[in-house]
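Biologist: I am new to protein models and would like to learn how to read one. Could you take me through it, feature by feature?

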Amino acid sequence: MATPAFDRSPAPAAAVGERPQPPLQPRPALVAVATTPLDEASAAADYAHFVARVRVLTGIDLSGYKAPQMQRRLLALATRQGAPSLRAFAQAMERDAKALEAFQNFFTINVSEFFRDPARWTALAEQVLPKLMQPPRRALRIWSAGCSIGAEPYTLAVLLDELYPGVAHTIFATDIDETTLRRAAGGTGYGETDLRNVAPSWRAKHFRQANDGSWSVTPALKSKITFRRHDMLREPAGQGFDLVVCRNVVIYFTDAAKQQLYGRFHDALRPGGVLFVGGTEVVSNARDLGFTPWLTSFYVAGPRPANTTRG
Ligand SMILES: C[S@@+](CC[C@H](N)C(=O)[O-])C[C@H]1O[C@@H](n2cnc3c(N)ncnc32)[C@H](O)[C@@H]1O
């Protein structure tokens with residue numbers, strides 16, 4: 001199929017695609033930074049304390065993220081925020097909404113863009129989608145996990161509309177970060193850089209430019225996606241997906257968390273369904289998890305291997 005060139009407080013556990021998201025809860029207003037001396041001996045204890053407080057304050061469980069990297073990056077953030085240790089930063093987060101927000105913004109690292117890594121989207125359009133759409137299949141059930149500002153699910157919606165117009169696909173888009181998710185659901189405020197890989201004809205059809213130069217997706221495109229908050233490390237996945245897209249999210253996850261997550265994605269896919277990961281990501285032990293590696297970044301779900309237990 002010819003494809004136009006690309007110019008370049010936690011919610012209760014609910015499976016994706018099974019229950020609507022309850023209203024997002026406001027965070028308590030919080031002030032001020034206490035100080036303690038920073039030294040090698042107390043750093044690990046401070047990190048453990050920080051992890052525990054973050055779990056209470058935000059519902060985010062940092063235990064699935066690589067500790068050395070997370071600790072180093074958090075300390076840099078704490079210093080930028082004027083806190084001399086993670087313990088002090090945790091105290092600041094309890095009292096100061098701005099400190100809590102700084103943590104959440106940092107933690108979710110929501111860099112994204114439309115058609116990010118264009119060659120992989122070309123592979124999706126030319127090889128993966130035709131396979132998934134083989135007759136008698138008409139509509140696909142898709143999950144974009146860790147969707148950030150929405151560029152990824154909107155990219156899926158653009159592609160499907162262009163390649164299979166008039167088919168009512170289902171696209172769920174989830175992220176752990178409520179603020180980012182609100183922006184994604186709004187579908188506004190995208191910059192030129194975010195759209196740099198979108199072909200001009202597709203830009204003209206699926207986007208509108210505001211007076212300030214920023215771009216929004218059209219209401220028609222927006223209506224194709226269901227957004228909701230979801231922590232992929234802690235909450236159940238749905239089932240029966242044809243395609244699960246999880247790209248550029250797992251970099252800070254521990255190997256154990258990644259294995260568990262990919263196992264869950266396998267169970268969320270129908271047999272023959274496809275997992276689409278980031279350009280630099282590899283599913284290690286793919287076959288043990290029930291996947292067959294296919295193209296770069298794409299894995300096909302087979303039957304669940306015998307004697308496996310998934311968390
Ligand atoms: C770098 S962005 C990737 C966005 C998009 N997938 C892409 O490739 O352009 C990573 C996103 O993963 C989200 N994230 C991190 N941990 C998560 C978790 N446990 N559950 C759901 N989303 C998570 C972050 O909030 C962030 O928006």
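Modeller: Let's go from the overall make-up to the sheet, a helix pair and a few single residues. Keep in mind that this is a predicted model.

Biologist: Happy to start there! How many helices and strands does the chain have?

Modeller: The chain has 11 helices and 9 strands. Of its 311 residues, 38% are buried.

Biologist: How do I read a sheet, and in what order do the strands stand in this one?

Modeller: The general idea is that strands of a sheet pair through backbone hydrogen bonds, either parallel or antiparallel. Here, 7 strands make an open sheet with mixed pairing, and the order is 5-2-1-6-7-9-8. Strand 5 (225-229) and strand 8 (291-293) are at the edges; each has a single partner strand, so one side of each has no neighbour in the sheet. From one strand to the next, the twist averages 20°.

Biologist: Let me zoom in on one pair. How many bridges join strand 6 to strand 7, and do the two run parallel or antiparallel?

Modeller: Strand 6 (residues 241-246) and strand 7 (residues 269-277) run parallel and are joined by 5 bridges. To find your way on screen, look for Val-245, which stands opposite Phe-276 in strand 7.

Biologist: Now the helices. What should I look at when two of them pack together?

Modeller: Two packed helices are described by the angle between their axes and the distance between the axes. Take helix 2 (residues 67-80) and helix 3 (residues 86-95): their axes come within 9 Å and cross at roughly 60°. Helix 2 and helix 3 are therefore oblique to each other. Their crossing is left-handed.

Biologist: Which residues of helix 2 and helix 3 meet?

Modeller: Leu-74, Leu-75 and Ala-78 in helix 2 meet Leu-86, Ala-88 and Phe-89 in helix 3. Sorted by kind, the residues of this contact are 6 nonpolar, no polar and no charged.

Biologist: And how many residues of helix 3 are buried?

Modeller: Helix 3 is mostly covered, with 8 of its 10 residues buried. Among the buried ones are Arg-87 and Gln-91, as well as Phe-89 and Met-93.

Biologist: I have heard that the backbone can hold surprises. Which residues does a cis peptide bond join here?

Modeller: The cis peptide bond joins Pro-135 and Pro-136, with omega about 10°. You will find Pro-136 in the loop between helix 5 (118-132) and strand 1 (141-145).

Biologist: Another backbone angle is phi. What is the phi of Asn-285, and what is that of Ser-297?

Modeller: Asn-285 has a positive phi of about 55° although it is not a glycine. For Ser-297, also not a glycine, phi is positive at about 80°. Asn-285 lies in the loop between strand 7 and helix 11, while Ser-297 lies in the loop between strand 8 and strand 9 (298-301).

Biologist: Why does Asn-285 count as exposed, and why does Ser-297 count as buried?

Modeller: Count the C-beta neighbours inside 10 Å: 20 or more make a residue buried, and 12 or fewer make it exposed. Asn-285 has 12, so it counts as exposed. Ser-297 has 24, so it counts as buried.

Biologist: What about a residue in between, such as Asp-288?

Modeller: Asp-288, in helix 11 (residues 286-289), has 13 such neighbours and therefore counts as partly exposed. Its C-alpha atom is 9.0 Å from that of Arg-304, which is 16 residues apart from Asp-288 along the chain.

Conventions
Residues are numbered from 1 along each chain as its sequence is written. This is a predicted model: local features need pLDDT of at least 70, side-chain atom pairs count only at pLDDT 80 or more; totals for chains, interfaces and linings use all residues. Helices (H or I, at least four residues) and strands (E, at least two) are DSSP runs, numbered from the N terminus. Two strands pair if DSSP finds at least two bridges between them. Axes are lines fitted to C-alpha atoms, for helices over the stretch in contact, and angles run from 0 to 180 degrees between N-to-C directions. Angles under 35 degrees count as roughly parallel, over 145 as roughly antiparallel, 65 to 115 as roughly perpendicular and the rest as oblique. A crossing is left-handed if the near helix is turned anticlockwise from the far one by less than a right angle, and right-handed if clockwise. Two residues are in contact if their C-beta atoms, placed from the backbone, lie within 7 Å. Ala, Val, Leu, Ile, Met, Phe, Trp, Tyr, Cys and Pro count as nonpolar, Asp, Glu, Lys and Arg as charged, and the others, Gly among them, as polar.
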